[in-house]
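Reader: Before I set up any calculations, I would like a close look at a single part of this model, the second largest pocket, together with whatever surrounds it. Please take me through it step by step, and say where the model comes from.

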Amino acid sequence: MPAISATGAGYDAYVTLDASGTFSQAKREAGLLRMQQAGVVVSDYATLMVEALADNAVPESGDLYAALDMPFAVLVGQLSAAHQS
């Protein structure tokens with residue numbers, strides 16, 4: 001409800017799917033549908049954290065990808081840096 005209320009008040013609201021839960025699959029799906037219909041952006045925690053970087057070139061990106069256990073992304077960053085040299 002806070003995300004739906006925030007969207008109704010004109011804010012951009014984001015919900016981290018993997019930080020929400022219920023014991024009922026039907027309730028989960030209904031809640032997600034209600035949020036999406038209200039304009040709430042539903043995503044997973046890793047995607048939202050990576051999007052918060054806005055740019056993979058920032059120095060913190062390697063630490064973030066490592067903390068998210070995404071070693072392939074660190075490798076992509078290393079390849080990109082080598083290509084720019």
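Author: **The second largest pocket and its surroundings**

Of the 85 residues of this protein, 21% count as buried, and it should be said at once that the model is predicted. The protein has five helices and two strands, and their order from the N terminus on is α-β-α-β-α-α-α. Among the contacts with a separation of 6 or more, 52% are made by residues 24 or more positions apart.

The pocket you ask about, the second largest pocket, holds about 230 Å³ of space. Its lining is made up of Met-1, Ile-4, Leu-17, Ser-20, Gly-21, Thr-22, Arg-28, Gly-31, Leu-32, Arg-34 and Met-35. Sorted by class, this lining has five nonpolar, four polar and two charged residues. Helix H2, which covers residues 25-38, gives the most to the lining, namely five residues.

Helix H2 therefore deserves a check of its own: at 1.5 Å a residue its 14 residues should span 20 Å, and its end C-alpha atoms are indeed 20 Å apart, so the two values agree. Directly after H2 comes Gly-39, which has a positive phi near 95°.

Part of the lining also belongs to the largest nonpolar core, whose seven residues are Ala-3, Ile-4, Ala-13, Val-15, Leu-32, Met-35 and Val-40; Ile-4, Leu-32 and Met-35 are named both there and among the residues that line the pocket. The elements that give two or more residues to this core are H1 and H2. Apart from this core lies another one, of six residues, and Ala-46, Tyr-65, Leu-68 and Met-70 are among them.

Within the largest core, Val-40 is a useful residue to follow, since, with neighbours within four places in sequence left aside, Val-40 is in contact with Ala-3, Ile-4, Thr-7, Ala-13, Tyr-14, Val-15 and Met-35. One of these partners, Thr-7, is found in helix H1, residues 2-8, and Thr-7 counts as buried because its relative accessibility is 18%, which is under the 20% cut-off. If residues up to four places away in sequence are not counted, Thr-7 touches Ala-13, Ala-38, Gly-39 and Val-40, and the Gly-39 in that list is the residue with positive phi that follows H2. Thr-7 and the pocket-lining Met-35 are 28 residues apart in sequence, while their C-alpha atoms are 9.2 Å apart in space.

Another lining residue, Leu-17, leads to strand E2, residues 41-43, in which Ser-43 is found. Leaving aside neighbours within four places in sequence, Ser-43 is in contact with Val-15, Thr-16, Leu-17, Asp-18 and Leu-48, so that list joins Val-15 of the largest core and Leu-17 of the pocket lining through one residue. Ser-43 is itself buried, because its relative accessible area of 16% is under 20%.

For contrast, consider Ala-54, which lies in the loop between helix H3 (45-53) and helix H4 (61-67). Ala-54 is exposed, because its relative accessible area of 75% is over 50%, and although Ala-54 is not a glycine, its phi is positive, at about 70°.

How values were computed:
Residues numbered from 1 in each chain as written. Predicted model: local features only at pLDDT ≥ 70, side-chain atom pairs only at ≥ 80, totals over all residues. Heavy atoms only, no water. 1 Å grid on protein atoms, 1.4 Å probe; cavity = no way out; pocket = protein on both sides within 12 Å on 5 of 7 lines; lining within 4 Å. Points joined across faces, edges and corners; volume = space filled by probe spheres on them. Helix = DSSP H or I, 4+ residues; strand = E, 2+ residues; numbered from the N terminus. Nonpolar A, V, L, I, M, F, W, Y, C, P; charged D, E, K, R; others polar. Expected span 1.5 Å × (residues − 1). Buried < 20%, exposed > 50% of the residue type's maximum accessible area, 1.4 Å probe, protein only. Contact = heavy atoms within 4.5 Å. Core = buried A, V, L, I, M, F, W, Y, C linked by side-chain atoms within 4.5 Å.
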